[in-house]
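Reader: I have this one open on my screen and would like to go through its fold with you, piece by piece. Please begin with whatever I need to know before we talk about strands.

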Amino acid sequence: MTPPAHARAVVIGGGVSGCSVAYHLARLGWSDVVLLERRRLTCGTTWHAAGLIGQLRPSRNLTRLAKYSAELYARLEDETGVATGLRLSGSISVALTEHRWEELRRQATLAHTFGVEAELVTPGEVKALYPHLEVGDVIGGVHLPGDGQGDPANIAMALAKGARMAGVTVLEGVTMTDVAHDGRRVTGVDWQANGETGRIATDVVINCGGMWGRDLAARSGVTLPLHACEHFYLLTEPIDGLGALPTLRVPDECAY
Ligand SMILES: Cc1cc2nc3c(=O)[nH]c(=O)nc-3n(C[C@H](O)[C@H](O)[C@H](O)COP(=O)(O)OP(=O)(O)OC[C@H]3O[C@@H](n4cnc5c(N)ncnc54)[C@H](O)[C@@H]3O)c2cc1C
């Protein structure tokens, strides 16, 4: 499908952020919206994510956003027919040092002020919640029973489907090449697909390019302070009883 000549807004990037922006614009009544993804939906970092949904964030608004996300993912399947894989199996963070233990206790207090359920747990209680763990060097932990995990690619697909159902045009294989502007005002988005080029006239462009977003913004003279970090993960053979456990975080070992 060729991109339209005009849209009220153009979203660049078909990861979970772009699909979410398109979905929420549509829910606000902005159905004349186009989402451009240069390859396939979710092909960026969304595809790699572990999908952990932690409710406790450094500020009240980020915590509200994380709580809202978990609520949204719970109802998206009914709305769109696409399963989001949401499981609320909780999370535990453990402290191996006194300084970390103080930080975790502060976090638990913060959680209560944000309305997030959190309880301090002893090493013995950590062992009961997570029998595979060696707790000899654990000082204590915090348990958040409402935390969970979802399937990031399916969540993005569900959001894209919800957006499409509300009238948004979602296009794959279309690259944004430039943002046209008249002084400081955006006037359109230039695109390229299968050797063809064109322009969508619009007043609003939303950069959801993830780790490519910095370079996309720089082309319009905008500084976006975002860069990628290296992240390692292990794939194991199945381990008995591991699947239904809470997510475990060991911040002293930079591991989860
Ligand atoms: C190993 C790993 C584990 C993670 N675990 C978690 C986790 O447990 N919980 C959590 O919340 N987060 C996690 N994350 C982070 C999470 O994956 C990202 O924050 C999220 O996926 C970013 O989504 P996005 O839509 O911003 O970017 P992306 O998914 O990268 O999407 C950007 C899209 O823009 C497209 N694009 C770029 N340039 C153009 C262009 N010119 N024209 C059109 N399209 C363009 C790209 O093709 C891409 O699809 C993890 C990340 C990794 C790598």
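Author: One definition comes before the rest: two strands are said to pair if DSSP finds at least two bridges between them. Please also keep in mind that this is a predicted model. With that settled, strands β1 and β12 (residues 205–207) pair in the parallel sense, and 3 bridges hold that pairing.

Reader: Which residues stand opposite each other there, say for I12 in β1 and its place in β12?

Author: I12 stands opposite N207 in β12, and V10 has V205 of β12 as its bridge partner.

Reader: And how many bridges join β1 to β2?

Author: There are 4 bridges between β1 and strand β2 (residues 33–37), and these two strands run parallel as well. Within that pairing, A9 is found opposite V33 of β2. Between the two strands the chain passes through helix α1 (residues 16–27), and the resulting β-α-β crossover is right-handed.

Reader: What about the two faces of β1, are the residues there buried or exposed?

Author: Both faces of β1 (residues 9–12) are covered, since A9 and V11 on one side are buried, as are V10 and I12 on the other.

Reader: What is the strand order in the open sheet of 4 strands?

Author: The order is β8-β2-β1-β12, with parallel pairing, and the sheet is open. Its edge strands are β8 (169–172) and β12, each of which pairs on one side only. From one strand to the next, the twist averages 15 degrees.

Reader: Where does α1 lie relative to those strands?

Author: Helix α1 lies across β1, β2 and β12, and it runs at about 170 degrees to β2.

Reader: Now the helices: at what angle do α1 and α2 pack?

Author: The angle between α1 and α2 (residues 60–80) is about 75 degrees, and their axes are 14 Å apart. Because an angle from 65 to 115 degrees counts as roughly perpendicular, α1 is described as roughly perpendicular to α2.

Reader: Which residues make that contact?

Author: From α1 the contact uses Y23, H24 and R27, while α2 contributes Y68, L72, R75, L76 and E79. By class, the residues of this contact divide into 4 nonpolar, 1 polar and 3 charged.

Reader: Changing topic, what is the order of the open sheet with 3 strands?

Author: That one has the order β9-β10-β11, and the pairing is antiparallel. β9 (175–182) and β11 (196–201) are at the edges with a single partner strand each, so one side of each has no neighbour in the sheet. The twist in this sheet averages 25 degrees from one strand to the next.

Reader: How many bridges are there between β9 and β10?

Author: There are 7 bridges between β9 and strand β10 (residues 185–193), which pair in the antiparallel sense. T175 stands opposite Q192 in β10, and D178 has D190 as its bridge partner there. The two strands form a hairpin with 2 residues between them, and G183, which is in the turn, has a positive phi of about 65 degrees.

Reader: I was also looking at H143; is H143 buried or exposed?

Author: H143, which lies in strand β6 (residues 140–144), has a relative accessible area of 9%, so H143 is buried, the cut-off being under 20%.

Reader: With which residues is H143 in contact, leaving aside its neighbours within four places in sequence?

Author: Those contacts of H143 are with S91, I92, E117, A118, E119, V121 and L129. If you would like a distance as well, the C-alpha atoms of H143 and G15 are separated by 30 Å, the two residues being 128 residues apart along the chain.

Reader: Finally, how many helices and strands does the protein chain have?

Author: The chain has 6 helices and 13 strands, and its C-alpha trace spans about 65 × 40 × 35 Å along the principal axes. Of the 256 residues in the chain, 39% are buried. Among contacts with a separation of 6 or more, 68% are between residues 24 or more positions apart.

How values were computed
Residues are numbered from 1 along each chain as its sequence is written. This is a predicted model: local features need pLDDT of at least 70, side-chain atom pairs count only at pLDDT 80 or more; totals for chains, interfaces and linings use all residues. Side-chain values use heavy atoms; hydrogens and water are left out. Buried means under 20% relative accessible area, exposed over 50%, partly exposed in between (1.4 Å probe, protein chains only). A crossover is right-handed if, with the strands pointing away from the viewer, the path from the first strand over the helix to the second runs clockwise. Axes are lines fitted to C-alpha atoms, for helices over the stretch in contact, and angles run from 0 to 180 degrees between N-to-C directions. Angles under 35 degrees count as roughly parallel, over 145 as roughly antiparallel, 65 to 115 as roughly perpendicular and the rest as oblique. Contact means heavy atoms within 4.5 Å. Ala, Val, Leu, Ile, Met, Phe, Trp, Tyr, Cys and Pro count as nonpolar, Asp, Glu, Lys and Arg as charged, and the others, Gly among them, as polar.
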